[in-house]
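Trainee: I should like to take a close look at the empty space in this protein. Please guide me through one part of it in detail.

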Amino acid sequence: MRIPFLKGHGTENDFVIVPDPDNALDLTPAAVAALCDRRAGIGADGVLHVVRSAAHPEAKGMAAEAEWFMDYRNGDGSIAEMCGNGVRVFARYLQHAGQAPAGDLAVATRGGIKAVHIAKDGDVTVGMGRALLPGVDVAVSVGDRIWPARNVNMGNPHAVAFVDDLADAGDLRTPPPFSPASVYPDGVNVEFVVDRGPRHVAMRVHERGSGETRSCGTGACAVAVAAARRDGTDPAVTGSPATYTVDVPGGRLVITERPDGEVEMTGPAVIVAEGEIDSEWLENATR
């Protein structure tokens, strides 16, 4: 038996895409980790498991509004609530497979239903929902240096630290320590941010379960929200949308927060290749 797959990326945040409309595959954490292994597997930051909402127990309640469910898994096999770059690539896959034309689309995720717009020029815009800003002071550290961080939740947790130089983040091979530990019981995505110009920032990120990645969509949204609060451009206060350009190692994203709190992310999404997974290899790799 061979299992179809595709490879795609959004600003070089890359994914193995596994189409499984009827939710027939048992994608165990070990199987996901084997697929994402960059030396012994296909290699990716995560897996986009493509399932019809009606066929997945976690998404049945969303099936009336969104036909497709993005069952997203981190590179270590753990489950994540959301992945912003992943949603764009997920939508691009549906277009590639003839399941969605250019235009508007609803995608079910563990972080709720996301409104997507596939533009004819190639970019994909995702309605990321409203940011939650728990009023808790947090800090992140690298070595003996400590920075205050903004606690932002975009359906998944983020700690955003503004630094003088992106090199201050260190190698990001291991999760940066944070405190207090009770704030993020399931871990956190940590963004280190520098200014590039007016409403223009750059970031590096350690994604929980994946390590440093070339991009993080929810992280870019969290960074834009944190920057708007720092800069006094909170749209709920000013009454005007706040748009930030966010450079990531893998490219550029444009994030807009509207006065009603809705956050939109626009960026590229690319299908790179498609092929077949040898099920015997996968079975052996997960023993």
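Trainee: How do the residues of the lining of the largest pocket divide into nonpolar, polar and charged?

Mentor: Please note at the outset that this is a predicted model. The lining of the largest pocket divides into six nonpolar, three polar and two charged residues. The space in this pocket amounts to about 180 Å³. Its lining includes Met 1 and Ile 3, together with Leu 25, Asp 26, Leu 27, Thr 28 and Ala 31. Ser 279, Leu 282, Glu 283 and Thr 286 also line the pocket. Helix α5, which covers residues 279–285, gives the most to this lining, with three residues.

The cavities may be set beside the pocket. The structure holds two cavities of 30 Å³ or more. The largest cavity has a volume of about 70 Å³, and its lining comprises five nonpolar, four polar and two charged residues. Among the residues that line it are Tyr 72, Asn 74, Met 82, Glu 207, Arg 208 and Cys 216.

The second largest cavity holds about 30 Å³ of space. Its lining has eight nonpolar residues, one polar and one charged; Thr 256 and Glu 257 are among the lining residues, as are Cys 221, Ala 224, Val 225 and Ala 228. Three elements, α3 (217–231), β15 (242–248) and β16 (251–257), each supply at least two residues of this lining. Of these, α3 gives the most, with four residues.

Note on methods. Residues are numbered from 1 along each chain as its sequence is written. This is a predicted model: local features need pLDDT of at least 70, side-chain atom pairs count only at pLDDT 80 or more; totals for chains, interfaces and linings use all residues. Side-chain values use heavy atoms; hydrogens and water are left out. On a 1 Å grid over the protein atoms alone, a cavity is a set of points where a 1.4 Å probe fits but cannot get out, and a pocket is an open set with protein on both sides within 12 Å along at least five of seven lines; lining residues have an atom within 4 Å of a point. Grid points are joined across faces, edges and corners, and a volume is the space filled by probe spheres set on the points. Ala, Val, Leu, Ile, Met, Phe, Trp, Tyr, Cys and Pro count as nonpolar, Asp, Glu, Lys and Arg as charged, and the others, Gly among them, as polar.
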